[in-house]
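User: Please take a close look at one part of this structure for someone who has not seen it before. I would like the pairing first, and then what lies around it.

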Amino acid sequence: MRSIWNGAISFGLVSIPIKLVNATESHSISFRQIHLADGGRIRYRKVCEIDEQEVTAAEIGKGYEDADGSIIPITDEDLGSLPLPTAKTIEIVAFVPATEIDPLQMDTAYYLSANGVPAAKPYTLLREALKRSQKVAVAKYALRGRERLGMLRVVDDVIAMHGLLWPDEIRATDGVAPETDVTIREAELDLADALMATLGEVDMDTLHDDYREAVEALIASKASGEALEPAASGETGGKVIDLIAALESSVRAAKKARGEEVEEAEEAEGSESAPVAEVTSLATRKKSGGAGAKKRASATATPRKAAAKKSTPGRTPAKKTAARSTTKSAAKTATKKAAKTTAKKATPRKRASA
């Protein structure tokens, strides 16, 4: 890897010569601007506004625009002569727990490489001290014409440095959080925890850029003249009314994705497509087996019974209904016969007593 900066780490009275190399690289696909009419490349040329002549990179320097519009030239020699101890030094100012560094401050990452054999011993000393203390080093350094803040930590057997934004460069969160009062129920938190547990952990090395791969396939198909099959349009999420139902569906989907078995009861409950406006408590669902579902079922069953009573004579009744009707008719007939027999036997007795 090519170094982009040479200097030293100042660790008290210890100076460690190092080289700075980029720790990350971009794999994103870049596009060129073209003229739609003929496909010609669109280029930006650097032209001096005074003589209107195109200039090369060697003829371009730095300048600061004053309030009145005048330009004050600033050379690299001017910046290099500034009385800054961090001009060629990464000056460690403190050692703090990593939790004290706000991730919002994280910027570009670099690897620090020991520059030469004499730097190996102090480099290793600092690395092992960081490991044993379980802390990170906060440092100041100058790069590309400005002083910056950095954080040194150990990655494998290498000291890495993350550029940090200055605290006053982090915007406040005013006006970002929801302004309306929202009440979160314990049942919703329980389902959110269950969803987090079901999703579990992920091997970061398995994650990749799907969009970049799709763009590469598109470019390859256009270059070869082949037509690329359009991707299936995914379902767009609508307005979530029942948060509990949405969380339960997410848990079931996560279980299926992980190859876990989903109970039939969960499948049946998840097949309800009509959202309800009122969120049902999870504890109530577990105890009653779905109070909301029973209410909806009873509400649906009532008009069905009414419709059954109003059924036409030509409609054939179900077998169970016919069996019940036959049994009731037989019972009524037996009761009438028994009543007639009792009446016949009782009449002579009354006449005899008369």
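Which residue in β9 stands opposite methionine 151?

Analyst: Histidine 162 in β9 is the residue opposite methionine 151. The model is predicted, so local features need pLDDT of at least 70 and side-chain atom pairs count only at pLDDT 80 or more, while totals for chains, interfaces and linings use all residues. Residues are numbered from 1 along each chain as its sequence is written, and side-chain values use heavy atoms, with hydrogens and water left out.

The chain has nine helices and nine strands (DSSP runs numbered from the N terminus: helices are H or I of at least four residues, strands E of at least two). Methionine 151 has a partner on the other side too: valine 138 is bridged to methionine 151 in β8. Strand β7 covers residues 135-143 and strand β8 residues 146-155, and seven bridges pair them in the antiparallel sense (strands pair if DSSP finds at least two bridges between them). Strand β9, residues 158-164, is also antiparallel to β8 and is joined to β8 by seven bridges.

Both connections are hairpins. Two residues separate β7 from β8, and arginine 144 in that turn has a positive phi of about 55 degrees. The hairpin of β8 and β9 likewise has two residues between its strands, and there aspartate 156 takes a positive phi near 55 degrees.

Next to methionine 151 in β8 comes leucine 152, which belongs to the largest nonpolar core (buried Ala, Val, Leu, Ile, Met, Phe, Trp, Tyr and Cys residues joined through side-chain atoms within 4.5 Å). That core has 20 residues, and Ile9, Ile18, Ile90, Leu112, Leu152 and Met161 touch the most other members. Two or more residues each come from β1 (3-11), β2 (14-22), β5 (89-97), β6 (106-114), α2 (120-133), β7 and β9. The largest contribution to this core is that of β7, with four residues.

Leaving out residues up to four places away in sequence, leucine 152 touches Val136, Ala137 and Ala139, among others. The list also includes Ile159, Ala160 and Met161, as well as Ile9, Ile90, Ile92, Leu112 and Leu130 (contact means heavy atoms within 4.5 Å). In the chain as a whole, 61% of contacts between residues at least 6 apart in sequence join residues at least 24 apart. Of the 354 residues, 18% count as buried (under 20% relative accessible area; exposed is over 50%, partly exposed in between; 1.4 Å probe, protein chains only).

The beginning of β8 has a charged link. Arginine 146 forms a salt bridge with glutamate 169, with the closest N and O atoms 3.6 Å apart (a side-chain nitrogen of Lys or Arg within 4 Å of a carboxyl oxygen of Asp or Glu). Arginine 146 lies in β8 and glutamate 169 in the loop between β9 and α3, so this pair ties together parts that are 23 residues apart in sequence. Arginine 146 is partly exposed at 37% relative accessible area, and glutamate 169 is partly exposed at 35%. A separate network of salt bridges with shared partners joins Arg127, Glu128, Lys131 and Asp157.

Within that network, the side chains of glutamate 128 and lysine 131 meet at 3.8 Å, N to O. Both residues lie in helix α2, three residues apart, or about one turn of the helix. Glutamate 128 is partly exposed, with a relative accessible area of 36%, and lysine 131 is partly exposed at 35%. The whole structure has eight salt bridges.
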